[in-house]
Amino acid sequence: MSSSISPKRRLKRAFLQRGRRQATSRPTSPLVVAGMFRTANGIGEAARRFHDALVEGGFFPIPVDTSAVLNQVDFEPDIELHDMPRDSSGTILLIANPPEIESLLAVLRLWRWKSWKIISYWCWELEQIPVNWPSAERFVTEVWKLVDFARNAIAPQISVPIKTVPIPVPAPDLMPNPLSRKSFRCLMMADGRSSFSRKNIFTGIRIFQNAFDGNNNAHLTIKLRNMASFPEFREKLERTTYGRTNITVLAQTLSAKARWDLINDHDLILSPHRAEGYGLHLAEGMALGKCVVA
């Protein structure tokens, strides 16, 4: 074991439960979904969608929030949240990437004398995963991914079972854009904590400008989160969009309803991301019948 690990962390790690290989695929009770239910990013939305899908499937998942632990509280969801049950066994779907798994298992009190089936959803967008991620497999029973691309990136580097488990993207019943509106509206969305560089915002602006230069009936909305944490990006964006009346920047967190309304109010979802493991806002746009360029 590396000498760089503190004695306190070594002790905590020694007391954490290891992922047990369990033959049955049927979840044992209680069934917990632990994730960032109070966070507005894609990982938080995945927790809410997995919870709702399990309810629709006839299960009774217990939603346990990890937003405060990871310092990412944005709002209060409609889902009634609960504390982690103290049962000695059960099944938990942990919506968390490997760097957070160890600390979250300690917070959730999943100690080595317990016998929980630990399923973890890992969010990743590239063909190679970080070198330290495979070491987290000792804490989990299996890993879930939303799409085969991301599954295939992770599978060669871990020995635990890994499955592709899509989440549903049910569109609310919204009225289509009014036919009287003459402008063509494009939308880009990005979260700074997921890397503005990877989201390729400035290329998206150039795409819009090349397509609609001089067209006063075209408008681009850029919806962003956590922009205040990236002052250099913010300054460059302000310089790039200065004086352009056909580009609007929304730097705020929206409720689920407001996000759906925003997507519905646009004709095309533009996503110049350099890589995207799933693209939830693209799926939401498609669910509403919008054009998507990615």
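**A word before the views.** A crossing of two helices is called right-handed if the near helix is turned clockwise from the far one by less than a right angle, and left-handed if anticlockwise. Keep that in mind for the first close-up of this predicted model.

**View 1. Helices H8 and H9 cross in a right-handed way.** Here you meet helix H8, residues 256–264, packing against helix H9, residues 280–287. Their axes lie 10 Å apart and form an angle of about 65°. On the H8 side, look for Arg259, Trp260 and Ile263; their partners in H9 are His281, Glu284 and Gly285. Sorted by class, this contact brings together 2 nonpolar, 2 polar and 2 charged residues.

**View 2. An open sheet is built from 6 parallel strands.** Follow the strands across in the order S2-S1-S3-S4-S5-S6. At the edges you find S2 (62–65) and S6 (162–164), each of which pairs on one side only. From one strand to its neighbour the turn is 25° on average, with direction ignored.

**View 3. Strands S3 and S4 run side by side in the parallel sense.** Strand S3 covers residues 89–95 and strand S4 residues 115–121, and 7 bridges join the two. To find your place, look for Ile92, which stands opposite Ile118 in S4.

**View 4. Stepping back, the chain holds 9 helices and 11 strands.** Its C-alpha atoms fill a box of roughly 65 × 45 × 35 Å along the principal axes. The radius of gyration is 21 Å, which agrees with the value near 19 Å for a compact globule of 294 residues. Of those residues, 49% count as buried. Among contacts between residues at least 6 apart in sequence, 72% join residues at least 24 apart.

Technical notes
Residues are numbered from 1 along each chain as its sequence is written. This is a predicted model: local features need pLDDT of at least 70, side-chain atom pairs count only at pLDDT 80 or more; totals for chains, interfaces and linings use all residues. Side-chain values use heavy atoms; hydrogens and water are left out. Axes are lines fitted to C-alpha atoms, for helices over the stretch in contact, and angles run from 0 to 180 degrees between N-to-C directions. Helices (H or I, at least four residues) and strands (E, at least two) are DSSP runs, numbered from the N terminus. Contact means heavy atoms within 4.5 Å. Ala, Val, Leu, Ile, Met, Phe, Trp, Tyr, Cys and Pro count as nonpolar, Asp, Glu, Lys and Arg as charged, and the others, Gly among them, as polar. Two strands pair if DSSP finds at least two bridges between them. The radius of gyration is taken over C-alpha atoms; the globule rule is 2.2 Å times the number of residues to the power 0.38. Buried means under 20% relative accessible area, exposed over 50%, partly exposed in between (1.4 Å probe, protein chains only).
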